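Me: I am new to this structure and would like to understand the words used for it. Please set each value beside its definition before you conclude.

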Amino acid sequence: SAQFPHEVAKKMAEAGLLGITIPEKDGGSGGTLMDAVIAIETVATVCPRSADVIQEGNFGAIRVLAYFANDDQKKRYLTPILKGEEVIAVAMTEPEAGSATTDLVTSATPDGAGYRINGRTVFPNPHADQYLVYVRYGPGVGGIGSVMLRRTAEGFSTGKPAKFMSGNDWATLYFDNVYVPPEDVLLGPGGFKKQIAGFNVERIGNTARSLAFGRYAYNIAREWALQRKQFGRLLCEFQGLQWKFADMKMKLDAGQLLLYRAAVNADNGIPSADDTAIAKAFCNQAGFDICNEAMQIMGGMGYTDESLVEYCFRKCRGWMIAGGSIEILKNRIAEGIFERSFSQRPPKA
């Protein structure tokens, strides 16, 4: 479909590009996080849209599922993803709980051995086959965990789809007394910190795409500047544009070092929160800035969909918000600097 190219995903699966970091016994390739990052970078140099498929099949929800699911859950939920047959999405953001994830209210109430889920989330892919849903079993951070459910579950529905700037659909997901059997509970009470630790892996994928899309736009603009003439001169001969390219190159090189540091220093597949925050905040901004400059250099043609530069620009803008906004990441970086946490909540009376 236009929302997710299943035929491309199946080809990626055949090439071993889905589940790169997942152990071979679970259907993956048993590679490193660095392998997955390089796969995104390499594919994006040719086709940024296909790099999105690499992200879906290696980072984010799939990683949390692979890391914490039991063998039965892996067989039923993970295997179809690794074959390129199904798409997974994470349902964690609520209308009143965005960056403040711990404010979520979607409830999981005991019903026999299972749970009844009630609540709603916003922004997930409404066309996904399966969802990793953050739920509240009880009060406080310790009461948060997650469950797996399919879009066919009774009581599950989606609102009217809307579109992001990127062109992807999103919709509100509604959980109306959805029954989740015990075998579909991924993480029970106390699972929040494990989920967020896994979320750092999604941030690495997000970071890799931002930089890779910036590099794609840079390469397209470079070729343009070597061919396009204005006032009888090639664009690359104007110092004003030379400085733009110098700035872009510096950002690409610096971002790649930060990205690689975060990936290489990953411990047991879960990267350092500090390394990840620094890499994502820098690369999100760098990718966006580079795409923006590439579009400016190419003029009207850069603003059209004749090239993928404007597509990369739109996608990079979203990653400055998704997976932890740049502002939230800077808060996290500051906590590392001062070795203490800073609550963003107002002081208690």
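Me: Where does Leu-82 lie, and what makes it count as buried?

Reply: In this predicted model, where local features need pLDDT of at least 70, side-chain atom pairs count only at pLDDT 80 or more, and totals for chains, interfaces and linings use all residues, Leu-82 lies in helix 5, which covers residues 71-82. Helices (H or I, at least four residues) and strands (E, at least two) are DSSP runs, numbered from the N terminus. Buried means under 20% relative accessible area, exposed over 50% and partly exposed in between, with a 1.4 Å probe and protein chains only; Leu-82 has 9% relative accessibility, so it counts as buried. Residues are numbered from 1 along each chain as its sequence is written, and side-chain values use heavy atoms, with hydrogens and water left out.

Me: Which residues is Leu-82 in contact with, leaving aside its neighbours within four places in sequence?

Reply: Contact means heavy atoms within 4.5 Å, and on that basis the partners of Leu-82, leaving aside neighbours within four places in sequence, include Ala-13, Leu-18, Ile-22 and Ile-62. Ala-100, by comparison, is 18 residues from Leu-82 along the chain, and their C-alpha atoms are separated by 31 Å.

Me: Why is helix 10 called largely enclosed by the rest of the structure?

Reply: Of the 11 residues of helix 10, 9 are buried, so the helix is largely enclosed by the rest of the structure. Among these buried residues are Val-309, Phe-313, Cys-316 and Trp-319, and what covers them includes helix 3 (48-56), helix 6 (192-227), helix 8 (273-298) and helix 9 (300-303).

Me: Where is Ser-325 placed, and is it buried or exposed?

Reply: Ser-325 is in the loop between helix 10 (309-319) and helix 11 (326-338), and since its relative accessibility is 13%, it counts as buried. Not counting residues up to four places away in sequence, Ser-325 touches Ser-99 and Met-320.

Me: How many disulfides does a search of the whole structure find, and why is there no bond from the sulfur of Cys-316 to the closest cysteine sulfur?

Reply: The search of the whole structure finds 0 disulfides, a disulfide being a pair of cysteine sulfur atoms within 2.5 Å. For Cys-316 the closest cysteine sulfur is that of Cys-291, at 4.0 Å, which is too far for a bond. The sulfur of Cys-283 is 10 Å from its closest cysteine sulfur, in Cys-316, and that is again too far for a bond. Cys-283, at 0% relative accessibility, counts as buried, and Cys-316 is buried as well, with a relative accessible area of 0%.

Me: What is the phi of Asn-177, and what makes the residue count as partly exposed?

Reply: Asn-177, found in strand 9 (residues 173-180), has a positive phi of about 60° although it is not a glycine. Most residues other than glycine have a negative phi. With a relative accessibility of 39%, Asn-177 counts as partly exposed.

Me: Why is Phe-231 called exposed?

Reply: Its relative accessible area is 78%, so Phe-231 is exposed. Phe-231 sits in the loop between strand 11 (229-230) and strand 12 (233-234), and it has a positive phi of about 55° although it is not a glycine.
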